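I am opening a new notebook page for this structure. These entries follow what I looked up, in the order I looked.

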Amino acid sequence: MASIISIADLSKTYGSGRKALDGINLEIARGEIFALLGPNGAGKTTLISIICGIANATSGKVTVDGHDIVTDYRAARSMIGLVPQELHTDAFESVWDTVSFSRGLFGKPKNPAHIEKVLRDLSLWDRKDSKIMTLSGGMKRRVMIAKALSHEPQILFLDEPTAGVDVELRKGMWEVVRALQASGVTIILTTHYIEEAEEMADRVGVINNGEIILVEEKSALMQKLGKKRLKLHLSGKLAAIPDSLGGYDLSLGEDGQQLVYTYDTKSERTGITSLLSDVRAAGIKFHDLDTSQSSLEEIFVSLVREP
């Protein structure tokens, strides 16, 4: 699939000498949902700010659908909608006016039908005449998304878009995101709710200390780096793991009522057959067993902890 954003050797060093980005190379495909994950201070917001023209890079190049963000910034910027972490709206304006004004900033002609559709999609139509100051935090967040969509961008950046939004509204937002992707919009999101990235993203990028340390299709990432756990639900309480089982990666769970075995999905042999045999030989009885796969959150934590 063709790239809509190309980033080559992008670096950002502040006047203090702190390097926020260090040689970023990244291609984002047209029409995908790309999740950018990283701990606080990893460089996520700096990278987004540079692509969106809010901050300047120290070196490197970024193109948006072939438009250089420096030499052809008007064309590049017009393709992008940004929902920042912070809520920046005029408290005394109405929802309709602030969203319509955002469209005008990009030189787009008035299109009340489009503004209405955006507000209805985000469940804001009933509050279109309300002043921003009267809205809840979740509604203000949706107004920010409406502003970002007002000029019909082909790329939408969502920087922690559901921060401070309750679970019900969060689900509604992701329905909107799926609909936008279906219409051809490319979505780049950062989120602390890693389960959302796990559910929504086509690909995942992990950034740490200003460097991209991994970019992978979500399903391939889960398969390559995920581990599986076999849980044995014991018939009786186990005080300690017998020495005869010391060769296995075992742990006790739930007050000694579970024996948990962790194994690598990439290994040719899981060792489950021999484990079960040795468990029986140790006189340990169990009445049930189940397996589970590592979550994306566990994989992410393990990646950023590695040196």
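Where is Thr 190 found? I looked it up and found Thr 190 in strand 8. I note here that the model is a predicted one.

**Entry: Thr 190**

Next I asked whether Thr 190 is buried or exposed. Its relative accessible area is 0%, so Thr 190 counts as buried. I then listed its contacts, leaving out residues up to four places away in sequence. Thr 190 touches Leu 36, Lys 44, Ile 48, Leu 158, Asp 159, Glu 160 and Pro 161. I checked Pro 161 further. Thr 190 and Pro 161 are 29 residues apart in sequence, and their C-alpha atoms are 7.8 Å apart in space.

**Entry: the six-stranded sheet**

I followed strand 8 into its sheet. Six strands form this open sheet, in the order 6-7-8-3-9-10, with mixed pairing. The edges are strand 6 (80–83) and strand 10 (211–217), each of which pairs on one side only. From one strand to the next, the twist averages 15°.

Helix 1 (residues 44–51) packs on this sheet. I found it touching strand 3, strand 6, strand 7 (155–159), strand 8 and strand 9 (203–208). The direction of helix 1 makes about 150° with that of strand 7. Helix 5 (residues 137–149) lies across strand 6 and strand 7. Its run is at about 170° to strand 6.

I also looked at how strand 8 meets strand 3. Strand 3 (residues 33–37) and strand 8 (residues 186–190) run parallel and are joined by three bridges. Which residue of strand 8 is the bridge partner of Ile 33? I found Ile 187 there.

**Entry: the four-stranded sheet**

I moved to another open sheet. It has four strands in the order 2-1-4-5, and the pairing is antiparallel. Strand 2 and strand 5 (67–68) are its edge strands, each pairing on one side only.

How many bridges join strand 1 to strand 2? I count seven, between strand 1 (residues 3–13) and strand 2 (residues 19–29), which run antiparallel. Ser 6 stands opposite Glu 27 of strand 2. The hairpin of these two strands has five residues between them, and Gly 17 takes a positive phi near 100°.

On to strand 4 (residues 59–64). Strand 1 pairs with strand 4 over five bridges, again in the antiparallel sense. Ile 7 has Val 62 of strand 4 as its bridge partner. Helix 1 turns up here as well: it lies across strand 1, strand 2 and strand 4. I noted that helix 1 runs at about 115° to strand 1.

**Entry: a helix pair**

I then checked helix 3 (residues 95–105) against helix 4 (residues 112–121). They pack at an angle of about 120°, with axes 11 Å apart. Helix 3 and helix 4 are therefore oblique to each other. The crossing of helix 3 past helix 4 is right-handed. On the helix 3 side, the contact is made by Val 95, Trp 96, Val 99, Ser 100 and Arg 103. On the helix 4 side, I listed Pro 112, His 114, Ile 115, Glu 116 and Leu 119.

**Entry: the whole chain**

Last, I stepped back to the totals. The protein chain has 10 helices and 14 strands. Of its 307 residues, 45% count as buried. I looked at contacts between residues at least 6 apart in sequence: 69% of them join residues at least 24 apart. The chain exposes about 15700 Å², and carbon and sulfur atoms supply 48% of that area.

Technical notes. Residues are numbered from 1 along each chain as its sequence is written. This is a predicted model: local features need pLDDT of at least 70, side-chain atom pairs count only at pLDDT 80 or more; totals for chains, interfaces and linings use all residues. Side-chain values use heavy atoms; hydrogens and water are left out. Two strands pair if DSSP finds at least two bridges between them. Axes are lines fitted to C-alpha atoms, for helices over the stretch in contact, and angles run from 0 to 180 degrees between N-to-C directions. Contact means heavy atoms within 4.5 Å. Buried means under 20% relative accessible area, exposed over 50%, partly exposed in between (1.4 Å probe, protein chains only). Accessible areas come from the Shrake-Rupley method with a 1.4 Å probe; for residues, only the protein chains shown count as cover. Angles under 35 degrees count as roughly parallel, over 145 as roughly antiparallel, 65 to 115 as roughly perpendicular and the rest as oblique. A crossing is left-handed if the near helix is turned anticlockwise from the far one by less than a right angle, and right-handed if clockwise.
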